[in-house]
Amino acid sequence: MPKNIHITKRADGSWAVVQAGSNWPMGLYSTQGQAIEVGRPIAKVNGVELVIHDRRNRIRDKDSYGKFSFKGHDLKAHRVSFAMFGGNLPEGYTVNHKKE
């Protein structure tokens, strides 16, 4: 089962994209923004959370790209949420995840 993706600050000042449980980063970046840009699509593809840490490595935000099963079908969490609160989302459309 895929594990969450974390964006963490390292002692040398760089930002790392790390899979939960791993001792090795998937990549190192000079800014948190760059690390988030790389980590977000990895989390989406794997259907896991993107866990963003602050400069002291405390969790400051989470973006969930999870899936769950219902009556034998794998469902994407954001599509189900949209259907529950906004109606049916046509195939091929996506939910805007920006915090606007």
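The protein chain in this predicted model has 2 helices and 7 strands. If you follow the sequence from start to end, these elements come in the pattern β-β-β-α-β-β-β-β-α. Of the 100 residues in the protein chain, 26% are buried. The chain exposes about 7300 Å², and carbon and sulfur atoms supply 52% of that area. You can also ask how far along the sequence the contacts reach: among those between residues at least 6 apart, 26% join residues at least 24 apart.

Let us start with the strands at the beginning of the chain. S1 (5-9) and S2 (15-19) run antiparallel and are joined by 5 bridges. To find one place where they face each other, look at His6, which stands opposite Val18 in S2. The hairpin of S1 and S2 has 5 residues between the strands, and there Gly13 takes a positive phi near 95 degrees. S2 also pairs with strand S3 (residues 27-29), again in the antiparallel sense, over 3 bridges. In that pairing, Val17 has Gly27 of S3 as its bridge partner. S2 is mostly covered, with 4 of its 5 residues buried.

Next, pause at the loop between S1 and S2, where you will find Ser14. Is Ser14 buried or exposed? Its relative accessible area is 12%, and because buried means under 20%, Ser14 counts as buried. The side chain of Ser14 makes a polar contact of 2.6 Å with the side chain of Asp12. Setting aside neighbours within four places in sequence, Ser14 is also in contact with Thr8, Lys9, Leu28 and Tyr29.

Now move to the inside of the model. The largest nonpolar core has 11 residues in all: Ile5, Ile7, Trp15, Val17, Ala35, Ile36, Ala43, Val48, Leu50, Ile52 and Tyr65. Two or more residues come from each of S1, S2, helix H1 (32-46) and strand S4 (49-53). H1 gives the most to this core, with 3 residues.

Two of these core residues are worth a look of their own. Ile36 is in contact with Ile7, Pro41, Leu50, Ile52 and Arg60, leaving aside neighbours within four places in sequence. Ala43 has its place in helix H1. With a relative accessibility of 0%, Ala43 falls under the 20% cut-off and therefore counts as buried. Beyond the residues up to four places away in sequence, Ala43 touches Ile5, Val48, Glu49, Leu50 and Tyr65. Take Ile5 from that list: Ala43 and Ile5 are 38 residues apart along the chain, yet their C-alpha atoms are separated by 6.0 Å.

Our last stop is Asn57, in the loop between S4 and strand S5 (59-64). What is the phi of Asn57? The angle is near 65 degrees, a positive value in a residue other than glycine. Most residues other than glycine have a negative phi. How accessible is Asn57? Its relative accessibility is 34%, and since partly exposed covers the range between 20% and 50%, Asn57 counts as partly exposed.

To look back over the route, the path began with S2 and its antiparallel partners S1 and S3. From there it passed the buried Ser14, went on to the core to which H1 gives the most residues, and ended at the partly exposed Asn57.

Technical notes:
Residues are numbered from 1 along each chain as its sequence is written. This is a predicted model: local features need pLDDT of at least 70, side-chain atom pairs count only at pLDDT 80 or more; totals for chains, interfaces and linings use all residues. Side-chain values use heavy atoms; hydrogens and water are left out. Buried means under 20% relative accessible area, exposed over 50%, partly exposed in between (1.4 Å probe, protein chains only). A polar contact is a pair of N or O atoms within 3.5 Å; within protein, one must be able to donate a hydrogen and the other to accept it, and residues adjacent in sequence count only if both atoms are side-chain atoms. Contact means heavy atoms within 4.5 Å. A nonpolar core is a set of buried Ala, Val, Leu, Ile, Met, Phe, Trp, Tyr and Cys residues joined through side-chain atoms within 4.5 Å. Accessible areas come from the Shrake-Rupley method with a 1.4 Å probe; for residues, only the protein chains shown count as cover. Two strands pair if DSSP finds at least two bridges between them.
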